[in-house]
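Trainee: Could you take me slowly through the largest pocket of this model, so that I learn how much space lies in the pocket and which residues line it?

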Amino acid sequence: MQNVELNAIEILFDELSDVAFFVKDRDGRYLAANRTLVRRCGLRSKQEIVGKTVLEVHPRHLAQNYMAQDREVIEAGHTISKHLELHLYPNRRHGWCLTHKTPLRDDAGAIVGLVGTSHDLGLADDHHPVYRQIASIAQHIRDNYKEPLCLNQLAQEAGLPLARVERLFQRVFHYSPRQLLLQSRLNGALALIEADQTRSIADIANDCGYSDHSAFSRQFKALTGMTPVQYRAQHHGARGTAPAAAAPAASLWQELNA
């Protein structure tokens, strides 16, 4: 990305006091950051953060989690969306935010870094300890989407009624725990299809927690506008398979709520 483009984007994000914006290279060094992130790190200028890693500007207990996320995005090409986690508010107190990170690619498609944002929820950790429990449930779903999961049991283990967990999920993520589970399973299927063009679709569906192959195909098409076979053909450059038109977002959420 050219410097002039980075500068223009920085100017936009400099006006958002509740959003931290950053761009990093493949080694996790900051290439750009807005003023909000600079203040959170206790620094005075952007020059003090550019070229440094998270270990050099964040408390170690937070930096280690950030580094693990960065490696997932850069090495595996995954996008991290609406990740509920602790960070530092401008007053240097721990608070909750929603983080989004996505890979940056060059013209050849190679990953050269990442770009991300962290949006303050205005919730200090000591005033809203329940958010730590919600974050734990969300992470458990993301990490174990291949297994049969009982959402009621997860809520009980967190010491919360399921109805409250669902309300908090809607408030924070704007979707339900079940939608997060289905989203995680479909993202896992996408990654497997892209990585292996010989493995059967039924095997991939089963590996991602689907016992019903037809349900997997319906939800996959709602997400991508293509069947799993069409998506694989397009991704791996096969000819003669025309992709279906992309489904609207409303159709996707209707399918996920089915």
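Mentor: In this predicted model, the largest pocket holds about 1200 Å³ of space. It is lined by 37 residues, and those closest to the pocket's centre are E72, H78, T79, I80 and R142, which are good places to begin when you turn the structure on your screen.

From there you can widen the view to whole elements: two or more lining residues are given by each of the helices α4 (60–76), α5 (130–143) and α8 (177–195), and likewise by each of the strands β3 (80–88) and β4 (94–105). Among these contributors, α8 supplies the largest share, with nine residues of the lining. If you step back further, to the level of domains, you will find that domain 1 (6–120) and domain 2 (129–239) each provide at least three residues of the lining of this pocket. As for chemical class, the lining of the largest pocket has 15 nonpolar residues, 15 polar ones and seven that are charged.

It helps to set the pocket beside the cavity, since the structure holds one cavity of 30 Å³ or more. The largest cavity contains about 140 Å³ of space, and of the 15 residues that line it, F22, L37, H58, Y66 and S118 are the closest to its centre. At least two residues of that cavity lining come from each of β1 (19–25), α2 (35–40), β3 and β4, while by class the cavity lining is made up of seven nonpolar, four polar and four charged residues. Notice, finally, that β3 and β4 appear in the lining of the pocket and also in the lining of the cavity.

Terms used. Residues numbered from 1 in each chain as written. Predicted model: local features only at pLDDT ≥ 70, side-chain atom pairs only at ≥ 80, totals over all residues. Heavy atoms only, no water. 1 Å grid on protein atoms, 1.4 Å probe; cavity = no way out; pocket = protein on both sides within 12 Å on 5 of 7 lines; lining within 4 Å. Points joined across faces, edges and corners; volume = space filled by probe spheres on them. Helix = DSSP H or I, 4+ residues; strand = E, 2+ residues; numbered from the N terminus. Nonpolar A, V, L, I, M, F, W, Y, C, P; charged D, E, K, R; others polar. Domains from an automatic or database assignment.
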